[in-house]
Amino acid sequence: MEDLSFIVGVIGNVISVLVFLSPVGTFWRIVKNGSTEDFESLPYVCTLLSSSLWTYYGITKPGAYLVATVNGFGILAEAVYVVLYLIYAPRKMRVKTGILVGILNVGFLAAAILVTHLALEGDTRIDAIGFMCAGLNIIMYGSPLAAMKTVVTSKSVEYMPFFLSFFLFLNGGIWAFYALLEHDIFLGVPNGIGFLLGTAQLILYAIFRKARPSNDTISQGLLEQGFQK
């Protein structure tokens, strides 16, 4: 069983690295154009916080080194994205992003580590970190839900890339399976939800991939998502 868990965990690491690298195209566009345009920094700031907390969880929980390694890579990737955003964003967005980084990635993270490390110990500490990690991941699933709403209202999958949905499905499924093998509810619940959302997105993709949206519904979709065509 341990060998199977290790193999599944390694596969999960590979898939998660691909997920962490998925915004490379977006940031290549930002660097090339010298502007962040209408892209938001919040997803990258939140993912940086999530990766940091999961790394702390993986370091704290015995035998969870595979969780720590992949999220350690996530910290590096997301930190690069945030720095690039700060370099190329307009002054107003740069200030907003800097405040978010200060509150979430410095203040909240430091407080979470200090409180759990100094006030808690043993399984209680692991459970507290796990609750924070799972809770943040579940909150972050608001983004896939918004994408699904846009697909239904615009009758177009243009704003829900297939590979992003596919990797949400694959990543959630493999880590939910790993959590089942390791009896880890904190990994299992958010990744199980991710697997279900990924499945739902793939079903929507199959339904609407050949649909031709009207200009009005596309415009509405763009406004709801805050994307720039």
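Is histidine 183 buried or exposed? In this predicted model, histidine 183 is exposed, with a relative accessible area of 75%; the cut-off for that class is over 50%. The residue sits in the loop that joins α8 (162-182) to α9 (185-208). Its backbone is also notable: histidine 183 has a positive phi of about 55° and is not a glycine. Most residues other than glycine have a negative phi.

A second surface feature is a nonpolar patch made up of Phe6, Ile7, Val10, Ile11, Val14, Leu18 and Tyr65. Together these residues have about 620 Å² of accessible area. Helix α1 (residues 2-21) is the main contributor to the patch, giving six residues. One of the patch members, isoleucine 11, is placed in helix α1. Isoleucine 11 has 39% relative accessibility and therefore counts as partly exposed, since that class lies between the 20% and 50% limits.

The UniProt record, an unreviewed entry, assigns the feature "transmembrane region" to residues 6-30, 42-59, 65-87, 99-120, 126-147, 159-179 and 185-208. Two of these spans are described below by their computed geometry in the model.

| Span | Helix | Strand | Distance between end C-alpha atoms |
|---|---|---|---|
| Residues 65-87 | 100% helix | 0% strand | 33 Å |
| Residues 185-208 | 100% helix | 0% strand | 34 Å |

The annotated span 185-208 has the residue range of helix α9, which follows the loop holding histidine 183.

Conventions: Residues are numbered from 1 along each chain as its sequence is written. This is a predicted model: local features need pLDDT of at least 70, side-chain atom pairs count only at pLDDT 80 or more; totals for chains, interfaces and linings use all residues. Side-chain values use heavy atoms; hydrogens and water are left out. Helices (H or I, at least four residues) and strands (E, at least two) are DSSP runs, numbered from the N terminus. Buried means under 20% relative accessible area, exposed over 50%, partly exposed in between (1.4 Å probe, protein chains only). Patches are made of residues with over 30% relative accessible area and no salt bridge: like charges are joined within 9 Å, nonpolar side chains (Val, Leu, Ile, Met, Phe, Trp, Tyr) within 5 Å. Accessible areas come from the Shrake-Rupley method with a 1.4 Å probe; for residues, only the protein chains shown count as cover. A salt bridge is a side-chain nitrogen of Lys or Arg within 4 Å of a carboxyl oxygen of Asp or Glu. UniProt positions are given in the numbering used here, feature names are shortened, and annotations may be inferred rather than shown by experiment.
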